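Q: Please take a close look at the side-chain contacts in this model. I would like to know where the residues involved sit and how well each one is covered.

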Amino acid sequence: MATTGTTATAQETTGKRKPVFTTVDQLKPGTTGHTLTVKVVSSKTVLQKGRAASQHLRGTRIAECVVGDDTGTIIFTARNEQVDLMKEGTTVILRNAKIDMFKGSMRLAVDKWGRVEVTEPANFVVQEDNNLSLVEYELVNVVEE
């Protein structure tokens, strides 16, 4: 078997770019593609529908988790198997997270295009007095004349 003299890096072959980590205080309504490292401050199950007869059609679980870093906190909506990862005190990396609006306030979410990973405990203290989910936004239509 002959090998060629060229080698491609993982970045060249997959086309992936290195993630740029953002902080909670930089999150804005309607934005996507965020990668952040946060600590889980609290987690509360808000919806748990019953189990279906089939294993792959199991029920829906949703938990609202307060997550944050040293710049602030935000509510993260965890779905199904994400709920199991969001234990109080755990540090997680949220990859390709997006901002959803719920009743005029921001919620952080990771859909099927993103990932939630448990990681090494972070060495920052969560700034709990800056909860971005408590800021209420109003949709304003701007009419250009």
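A: Buried means under 20% relative accessible area, exposed means over 50%, and partly exposed is in between (1.4 Å probe, protein chains only). The model is predicted, so local features need pLDDT of at least 70 and side-chain atom pairs count only at pLDDT 80 or more, while totals for chains, interfaces and linings use all residues. Residues are numbered from 1 along each chain as its sequence is written, and side-chain values use heavy atoms, with hydrogens and water left out.

Strand β1 is a convenient place to begin. It covers residues 34–48; helices (H or I, at least four residues) and strands (E, at least two) are DSSP runs, numbered from the N terminus. H34 belongs to this strand and has a relative accessible area of 11%, so it counts as buried. Its side chain is in polar contact with the side chain of T31 at 2.7 Å. A polar contact is a pair of N or O atoms within 3.5 Å; within protein, one must be able to donate a hydrogen and the other to accept it, and residues adjacent in sequence count only if both atoms are side-chain atoms. V46 is also a residue of strand β1. With 43% relative accessibility, V46 is classed as partly exposed. The C-alpha atom of V46 is 6.6 Å from that of E64, although the two residues are 18 positions apart along the chain.

K39 is placed over the face of F124, 5.4 Å from the ring centre. A charge sits over a ring if NZ of Lys or CZ of Arg is within 6 Å of the ring centre and within 35 degrees of the ring normal.

Salt bridges come next, and the model has six of them. Each is a side-chain nitrogen of Lys or Arg within 4 Å of a carboxyl oxygen of Asp or Glu. One of the six joins the side chains of D84 and R61, with an N to O distance of 3.0 Å. D84 is in helix α2 and R61 is in strand β2, which runs over residues 61–69, so this pair links distant parts of the chain, 23 residues apart. The two partners can be set side by side: D84 is partly exposed at a relative accessible area of 40%, whereas R61 is buried at 16%.

K98 and D111 form another salt bridge, with their closest N and O atoms 3.9 Å apart. K98 is a residue of strand β4 and D111 is in the loop between β5 (105–109) and β6 (115–118), so the pair ties together parts that are 13 residues apart in sequence. K98 is partly exposed because its relative accessibility is 24%, and D111 is partly exposed at 29%.

R115 and E117 form a salt bridge too, their closest N and O atoms being 2.4 Å apart. R115 has a relative accessible area of 48%, so it counts as partly exposed. The R115 and E117 pair is not isolated: a network of salt bridges links R95, R115 and E117.

Strand β4, where K98 lies, spans residues 91–102. M101 is one of its residues; M101 counts as partly exposed because its relative accessible area is 39%. N96 is also part of strand β4. The phi of N96 is positive, at about 55°, although this residue is not a glycine. At 33% relative accessibility, N96 is partly exposed.

The loop between α2 (81–85) and β4 contains T90. T90 is buried because its relative accessibility is 18%. Its side chain reaches the backbone oxygen of K87, at a distance of 2.9 Å.

Another loop, the one between β3 (72–79) and α2, holds N80. Like N96, N80 is a residue other than glycine with a positive phi; the value for N80 is near 50°. N80 has a relative accessibility of 26%, so it is partly exposed.
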